[in-house]
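Good morning, and thanks for making the time. I'll put the structure up now and walk through a few parts of it.

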Amino acid sequence: MAGEVGVKKEESLNLKITNKSHVKPEEKIGKKEYQLVTFDLPYLAFYYNQKLLFYKGEDFEGMVQKLKIGLGVVLKEFHQLAGKLGTDEEGVFRVEYDDDMLGVEVVEAVADEIGVDDLTVAESTSNLKELIPYSGILNLEGMHRPLLAVQLTKLKDGLAMGLAFNHAVLDGTSTWQFMTSWAEICSGAPSTTAPPFLDRTKARNTRVKLDLSLPEPNGPPTSNGEAKPTPVLREKIFKFSESAIDKIKSTVNENPPSDGSKPFSTFQALSSHVWRHVSHARNLKPEDYTVFTVFADCRKRVDPPMPETYFGNLIQAIFTVTAVGLLSAHPPQFGASLVQKAIEAHNAKAIDERNKEWESAPKIFEFKDAGVNCVAVGSSPRFKVYDIDFGWGKPEIVRSGTNNKFDGMIYLYPGKSGGRSIDVELTLEPEAMGRLEQDKGFLLEA
């Protein structure tokens, strides 16, 4: 069965900021510069990538102290996060670090009238936004503010850890590698198990000059320079149990394709399931097109392959498109096959061609450039987010902030219960979300 965590009544957090400080690497490193490459640059006009983790625990001051000390240690290897964005004399963007920079911003806050369980709800609320820094902040602003901001909020029975990572500097794989390393240090490990691989130019060494300026503070401009009103969206986590995932995967693999292609993976099966049901919930016409987008990790796809510990962005968006009528009229194998073929075709040659095309006419993506009637998947259930234990247990829930969310955006996380369970964090227009909530075929209810 797939279920939902109950939606609880929203109360005011009465949040108060109690302290603001900065954490630097605990040792001097000197001046460092790291050129941003073609895999990084398109994300300059995305927003900071926000994550939110909740932990149970009584000793807030002790937890904060341990986190800050551990952060100072882990920043020796991950010192790029303590730097800022800059450009060289030719206008090529880079990460710059020097020992006199401020470092990572750490805000401490108190909202101790509310408990962890009151905030680990299925539906995202305005309360949750108060727990994460840098909402609505573009990555380009990393030229004059930290590349990582952390907010540690004291709750009645625990701690909320809100994080904002500059997405022009790192992707999800690097984000969770950093979080894992930070947790290892806080848990008493003498060193991290996997130091980051810092030379981005090994993946791509083309120097691309960009002429960018910050938009007006009221939001990304439209073509006529006016900010668009932000549409009202709902964000919700749907929890798919191990048995629900197994059912989705076995259903899509019941009639294997005759062309000899591989069985569909869990990701491909779940992608098809969500794509079909979201398209149905949107009440689209059969002739309408719908795009499925996946931000795929390219570390093992590039030639030569890069190590898993490559620090930076090494992702590309892969697109596939079909008519809604075809997607709904065919069994789930149809959608899964489209996703599978698009992913498998994205080899080193395709990646290189995409990079060359972009370098010849650089286009800075806006986070919503994913396609018409889109379902877009970021994050991965392979990220071991529930193993992020700083010494006081695993997180109660892990979710994303509101930045970079648009109609159809999905973040996949492993389920807290472990095994093959998966959490689907989904953003949709309210009417479509309401219909999806009533769709027993989506939730796999009897």
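I'll start with one residue, Asp99. This is a predicted model, and in it Asp99 is buried but has no salt bridge. The nearest side chain of opposite charge belongs to Lys28, and that is 5.2 Å away. For a salt bridge, the nitrogen and the carboxyl oxygen would have to be within 4 Å. Where does Asp99 sit? It is in the loop between β6 and β7, with β7 covering residues 104–110.

What does the side chain of Asp99 make a polar contact with? The partner is the side chain of Tyr97, at 3.2 Å. Leaving aside residues up to four places away in sequence, Asp99 touches Lys24, Lys28, Ile29 and Gly30. So Lys28 is on that list of contacts, although Asp99 has no salt bridge.

Now to the strand before that loop, β6, and its sheet. The sheet is open and has three strands, in the order β3-β6-β5, with antiparallel pairing. β3, residues 32–35, and β5, residues 84–87, are the edge strands; each has a single partner, so one side of each has no neighbour in the sheet. On average, neighbouring strands here are turned by 35 degrees against each other, direction ignored.

Look at β5 and β6 in particular. They are antiparallel and joined by four bridges, with β6 spanning residues 93–97. Lys84 has Glu96 as its bridge partner in β6, and Leu85 has Val95. The two strands form a hairpin with five residues between them. Gly91, in the turn, has a positive phi of about 85 degrees.

The pair Lys84 and Glu96 comes up again when we look at charges. Glu33, Lys84, Arg94 and Glu96 are linked in a network of salt bridges. As general background, side chains of opposite charge can pair when their charged atoms come close.

On to the other sheet I want to show. Six strands form it, again open, in the order β2-β7-β8-β9-β4-β14, and the pairing is mixed. At the edges are β2, residues 16–23, and β14, residues 397–400; each has a single partner strand, so one side of each is left without a neighbour in the sheet. Neighbouring strands are turned by 15 degrees against each other on average, direction ignored.

At the β2 edge, β2 and β7 pair in the antiparallel sense over seven bridges. One residue to look for is His22, whose bridge partner in β7 is Glu105.

Which helix lies across this sheet's strands β4, β8, β9 and β14? That is α4, residues 172–186. Its direction is at about 140 degrees to β9. For finding them on screen, β4 is 49–56, β8 is 148–155 and β9 is 158–165.

Next, salt bridges. How many does the structure hold? There are 32. I'll take three of them.

In one, the side chains of Glu108 and Lys68 meet at 2.7 Å, N to O. Glu108 is in strand β7 and Lys68 is in helix α1, residues 60–74, so this pair ties together parts that are 40 residues apart in sequence. Is Glu108 buried or exposed? It is buried, because its relative accessible area is 12% and the limit for buried is under 20%.

Another joins Arg204 to Asp352, with the closest N and O atoms 2.5 Å apart. This pair links distant parts of the chain, 148 residues apart: Arg204 is in the loop between α4 and β10, which is 234–240, and Asp352 is in helix α9, residues 348–360. Arg204 is buried, at 11% relative accessible area, whereas Asp352 counts as partly exposed at 27%.

The third is between Asp297 and Arg299, where the closest N and O atoms are 2.9 Å apart. Asp297 is partly exposed, with 23% relative accessibility. Arg299 is at 0% and counts as buried.

One last residue, Asn205. Like Arg204, Asn205 lies in the loop between α4 and β10. Asn205 is exposed, with a relative accessible area of 52%, while Arg204 is buried. How far is Asn205 from Phe60? They are 145 residues apart in sequence and 45 Å apart in space, C-alpha to C-alpha.

That is what I had. I'll take questions now.

Note on methods:
Residues numbered from 1 in each chain as written. Predicted model: local features only at pLDDT ≥ 70, side-chain atom pairs only at ≥ 80, totals over all residues. Heavy atoms only, no water. Pairing = 2+ DSSP bridges. Axes fitted to C-alpha atoms, helices over the stretch in contact; angles between N-to-C directions. Buried < 20%, exposed > 50% of the residue type's maximum accessible area, 1.4 Å probe, protein only. Lys, Arg positive; Asp, Glu negative; His and termini not counted. Polar contact = N/O pair within 3.5 Å; in protein donor to acceptor, adjacent residues only side chain to side chain. Contact = heavy atoms within 4.5 Å.
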